[in-house]
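Colleague: Please give me a close look at a single part of this model, the site that the record annotates. Then tell me what the rest looks like from there.

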Protein chains: 2
Amino acid sequence: MSQQLDSSKIIAAMQSVLPKNELLIPLHEPVFGGNEWAYVKDCLDTGWVSSKGRYVEWFENQMTAFTGAKYAVAVVNGTAALHISLIVSGVAANDEVLLPTLTFVATANAVRYCGAVPHFIDSEEQTLGLDTAKLEDYLGRVARLEADDCINKYTGRRIKALIAMHTFGHPVDLDPLLELCKRYKLELVEDAAEALGSFYKSRHVGNFGRMSAISFNGNKIMTTGGGGVILTNEAPLAQMAKHLTTTAKLPHPWEYNHDYVGYNYRMPNLNAAVGCAQLEQLPGFLQAKRALADRYKQSFSQINGVTFLSEPGYAQSNYWLNALVLDKPDRAVRDLLLKITNDIGFMTRPCWTLLHRLPIYHDCPAMDLSMAEKLEDRIMNLPSSANLYVKEHD
Amino acid sequence: MSQQLDSSKIIAAMQSVLPKNELLIPLHEPVFGGNEWAYVKDCLDTGWVSSKGRYVEWFENQMTAFTGAKYAVAVVNGTAALHISLIVSGVAANDEVLLPTLTFVATANAVRYCGAVPHFIDSEEQTLGLDTAKLEDYLGRVARLEADDCINKYTGRRIKALIAMHTFGHPVDLDPLLELCKRYKLELVEDAAEALGSFYKSRHVGNFGRMSAISFNGNKIMTTGGGGVILTNEAPLAQMAKHLTTTAKLPHPWEYNHDYVGYNYRMPNLNAAVGCAQLEQLPGFLQAKRALADRYKQSFSQINGVTFLSEPGYAQSNYWLNALVLDKPDRAVRDLLLKITNDIGFMTRPCWTLLHRLPIYHDCPAMDLSMAEKLEDRIMNLPSSANLYVKEHD
């Protein structure tokens, strides 16, 4: 361990925040304390468990009410939400899509599902999200505009879209990014998988991209078992998203006609029922998670060599996964901290392996990724469940 | 209405089978009469609703026990099961995959998801499944073998696989088909989406293709809300299927490395819990549905111009959707019957629009499809829920 960094102080800081006498504290576990059972029982009692049923519609309505987006389409998971968002944004085979290398693999996989090519972008320190200033400089060198298309000078491919991922729930600075997308004719898609309950300048994330994706996987701030939602403020895009997620079947009482290669991505009613109950509790989850983050922040504030990742000034974050950032990149120190914390039952993890390092994405176009490469050796996620705040007071 | 066919007799025959005094009799609705509540509540109480949890494993074990397949991988739906089955069978971009034109659109969509090209095959009358004899003749003319590959002489593409779909639960004659696949080096994939509980020569379907897919959509013989399962008898294929359905993440306590472009297709534990309860009731569902089919068969046996679709002699069918087949193709008669029955609250439907007729698949290679084109104007599905048999005795 480096001289600047005292692992015992870090453990002590975590112990001061986390519940005592627990054998294992998960990274993030769901909390079911509301109407989950009542709503699910209603599904089973009425026989409406599958893709038709009122909970899906109710869930979509509640999602629009909470996020302020005009339209919501509930789907089987966040990956499916991103996949359809890209298709509806016009991403086609052989296009390039810009996305951060510092993200979960699903962001790039969704691009691949479209037959398109991921093009990796560097991140910045404040939010761990993509670095707009660096991207602007990069596009100035590699992109040229041709009619309504942005062309990669070196590959000849169209760069159709940019995916902004809100890392651990912290919104990227969207205004300059939107300006850049407009200038370069790029469709902005928000990968808000981790960011339900996060706001950029008082507006919920997912309202800035033409299409946005949120996840309700079991490790997210709220869950539907497996699930996701597509958000958009444009009616034709919402209609197309719904159409494509329901096998692109044309409405008719009995005939089966389909006008696109569609997908079987609709969220089942059973899962939507859980989602309705979870959404009712979301304000409480957010409060608890933000309070937990406050405690972490205070607790780590006196420790040299590390910084607790705080929301940027322009945003209110859901603090989905709390993160400790080492001042200096040091893989050995990071790994030692991961080992020590996991050994004593505090589940921690590093950020994802940078996508451009994976053999499956190694050959994709990429800008200089030196900041992400440093951040990779600096980040450790901390236990972040909403119930951790409450438990301390038990 | 044609002189040979008396619609009032058909209605009377349906009325003699179906429950009285119901405003609407659905085509197929699920029955929840077992441990669904208990198992789902257990999921919610333990917090294990997502992709980890014991119900998924239990469900997979129960599926292998019921079907006799060595391995089962639970996924989000039947389309996902088919998609992964094709990938694991080695289907790659620009390959051709043989499949019947008379099937649900998902069969062809799954081929497209692989970047491969659907190649449409005709059906035969007895099972409505693909016509092996006609296919044999066709392959003799259009295919040539080159080392281990079957090549389409006319397109130059490799024909990698053949999908056999068991229409409405009636197994196609698999022995001659397997022989043909072996001769032409084609991987057989069974689309058994509709055929849980159907047996070919005493062995459950899904054991004959190297990979097979079953669906648990809300309209199937049993449901998980949304769900499906991949079956195989080969350990390496099962491992690959599980790996690809779980984002192809390499095992590690905290690191995120992925060695394939994977998918987020794992069935959530919540849905598997419902599946476990449904599977316990499956023998009862099968008994009820077969008894209902018997009644239909008797009831229609005296009516000229129509035949009730019965299981082939070599098979035991689940009778997922009962089907009435007009002796002569007549779109007007079929549509009139659909209208009359739906108008009085008996939900009926035609078979799917033949896939080669859809603009999205119109340009795909196809053999002569004259039998399927005739069958399209002859088929009407009848209400088939397991609870219809019981209700009559209320």
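Modeller: Here is the annotated site, followed by the rest of its chain, the core and the partner chain.

A bit of housekeeping before that: residues count from 1 along each chain as its sequence is written, while chains are lettered from A and ligands numbered from 1 in the order written. This is a predicted model, so to speak of local features I need pLDDT of at least 70, and side-chain atom pairs count only at pLDDT 80 or more, whereas totals for chains, interfaces and linings use all residues; side-chain values use heavy atoms, with hydrogens and water left out.

Your site is Lys220(A). UniProt, in an unreviewed entry, lists Lys220(A) as "active site", and also under "modified residue: N6-(pyridoxal phosphate)lysine". Those positions follow the numbering used here, the feature names are shortened, and annotations may be inferred rather than shown by experiment.

Where does Lys220(A) sit in chain A? Lys220(A) is in the loop that links strand E10 (211-215) to strand E11 (228-232). Helices (H or I, at least four residues) and strands (E, at least two) are DSSP runs, numbered from the N terminus. Lys220(A) counts as buried because its relative accessibility is 10%; buried means under 20% relative accessible area, exposed over 50%, and partly exposed in between, with a 1.4 Å probe and protein chains only. Leaving aside residues up to four places away in sequence, Lys220(A) touches His28(A), Ala193(A), Glu194(A), Ser215(A) and Trp320(A), where a contact means heavy atoms within 4.5 Å.

Stepping back, chain A has 12 helices and 15 strands, and 62% of its 394 residues count as buried. Its radius of gyration is 21 Å, which agrees with the value near 21 Å for a compact globule of 394 residues. That radius is taken over C-alpha atoms, and the globule rule is 2.2 Å times the number of residues to the power 0.38. Along the principal axes, the C-alpha atoms fill a box of roughly 70 × 60 × 35 Å. Among contacts in chain A with a separation of 6 or more, 72% join residues 24 or more positions apart.

On to the core. A nonpolar core is a set of buried Ala, Val, Leu, Ile, Met, Phe, Trp, Tyr and Cys residues joined through side-chain atoms within 4.5 Å. The largest one holds 198 residues, and Phe59(A), Leu162(A), Phe59(B) and Leu162(B) touch the most other members. Beyond four places in sequence, the neighbours of Leu162(A) include Leu98(A), Leu130(A), Cys181(A) and Val189(A).

Then there's chain B: 50 of its residues contact 51 residues of chain A. About 4,500 Å² is buried between the two, 67% of that from carbon and sulfur atoms; buried area is the accessible area (1.4 Å probe) that two parts lose on being put together, summed over both. On the chain B side, Trp37(B), Trp254(B) and Tyr256(B) lose the most area to chain A, together 17% of what that side buries.

One last stop is helix H8 (residues 235-245), where chain A has Met240(A). Met240(A) is partly exposed at 24% relative accessible area. Outside four places in sequence, Met240(A) touches Val88(A) and Tyr260(A). Ile87(A) is 153 residues from Met240(A) in sequence, yet their C-alpha atoms are 9.6 Å apart.
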